[in-house]
Amino acid sequence: MVKVGINGFGRIGRLAFRLAWENPGLEFVHINEAIGSGESSAYLCKYDSVHGQWPHAVKFECEHIVVDGDKKVSYSMHDTPGAVDWASYGVELVLECSGQFVTR
C-alpha cells in the first residue's frame with residue numbers, strides 16, 4: 001500500500017482525495033492546505049457543488065480530517081510543500097494539487 005500526501009486541498013485536491021479514497025492500494029496519511037481551515041476543508045470535502053455530496057462522514061478534529069469516524073488523515077497549513085516534513089508522516093507519494101507550480 002502506498003502512503004499518499006496531498007499538497008493543496010482545493011477542488012482538485014479534494015476530488016483526487018474523494019476519487020482515490022476507496023482504492024485499496026492507497027492510504028492517505030497527510031494533507032497540506034495553505035489557505036483555509038481544517039474545518040472548511042472537511043466541509044468542502046463532504047459537499048461539492050458540482051459533484052454532489054460524498055457518501056462518507058467527514059469532520060475535522062485534533063489537526064486531522066476524520067473520515068467515517070475512525071480514519072484519520074493529518075492536516076497542516078504550510079505555505080509551501082517544502083515546509084512540510086512529509087517523511088515524518090510516512091508519505092511515499094505527494095500529489096501536488098495546489099496549482100502553484102504551473103507555468104505557461
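**Reading the labels in this predicted model**

Q: Where in the fold is Leu44 found?
A: Leu44 is found in helix H2, which covers residues 38-46. Please keep in mind that the model is predicted.

Q: Why is Leu44 called partly exposed?
A: The relative accessibility of Leu44 is 37%. Partly exposed covers values between the 20% limit for buried and the 50% limit for exposed, so Leu44 at 37% gets that label.

Q: What makes a nonpolar surface patch out of Tyr43, Leu44 and Tyr47?
A: A patch needs residues with over 30% relative accessible area and no salt bridge, and nonpolar side chains are joined within 5 Å. Tyr43, Leu44 and Tyr47 make a patch of about 310 Å². For Leu44 you can check one part of the rule yourself, with its 37% set against the 30% cut-off.

Q: How do you know that Arg11 and Asp48 form a salt bridge?
A: The closest N and O atoms of Arg11 and Asp48 are 3.1 Å apart. The limit is 4 Å, so the pair counts.

Q: What does this pair tie together?
A: Arg11 lies in helix H1 (residues 11-20) and Asp48 in strand S3 (residues 47-48), so the bridge ties together parts that are 37 residues apart in sequence.

Q: Are the two partners buried or partly exposed?
A: Arg11 has 38% relative accessibility and counts as partly exposed. Asp48 has 9%, and because buried means under 20%, Asp48 counts as buried.

Q: How many salt bridges does a search of the whole structure find?
A: It finds two. Besides Arg11 with Asp48, there is Glu61 with Lys59, whose closest N and O atoms are 3.4 Å apart; that value is also within the 4 Å limit. Glu61, at 32% relative accessible area, is partly exposed, and Lys59, at 40%, is partly exposed as well.

Q: Why are S5 and S6 called paired strands?
A: Pairing asks for at least two bridges, and four bridges join S5 (residues 58-61) to S6 (residues 64-67). The two strands run antiparallel, with Glu61 opposite His64. Their hairpin has two residues between the strands, and there Cys62 takes a positive phi near 50°.

Q: What makes S6 and S7 a pair?
A: The rule of at least two bridges is met here too, since four bridges join S6 to the antiparallel strand S7 (residues 71-76). Val67 stands opposite Lys71. In this hairpin, with three residues between the strands, Asp68 has a positive phi near 55°.

Q: How do you know that Cys45 is in no disulfide?
A: The structure holds zero disulfides. For Cys45, the nearest cysteine sulfur is that of Cys97, 12 Å away, whereas a disulfide needs sulfur atoms within 2.5 Å. Both residues are buried: Cys45 has a relative accessible area of 0% and Cys97 has 13%, against the 20% limit.

Q: Why is the protein called as compact as a globular protein of its length?
A: First, the elements: there are two helices and eight strands, in the order β-α-β-α-β-β-β-β-β-β from the N terminus. The radius of gyration is 13 Å, and the globule rule gives 13 Å for 104 residues, so the description fits. The C-alpha atoms fill a box of roughly 35 × 30 × 25 Å along the principal axes, and buried residues make up 38% of the 104.

Methods: Residues are numbered from 1 along each chain as its sequence is written. This is a predicted model: local features need pLDDT of at least 70, side-chain atom pairs count only at pLDDT 80 or more; totals for chains, interfaces and linings use all residues. Side-chain values use heavy atoms; hydrogens and water are left out. Patches are made of residues with over 30% relative accessible area and no salt bridge: like charges are joined within 9 Å, nonpolar side chains (Val, Leu, Ile, Met, Phe, Trp, Tyr) within 5 Å. Accessible areas come from the Shrake-Rupley method with a 1.4 Å probe; for residues, only the protein chains shown count as cover. A salt bridge is a side-chain nitrogen of Lys or Arg within 4 Å of a carboxyl oxygen of Asp or Glu. Buried means under 20% relative accessible area, exposed over 50%, partly exposed in between (1.4 Å probe, protein chains only). The radius of gyration is taken over C-alpha atoms; the globule rule is 2.2 Å times the number of residues to the power 0.38.
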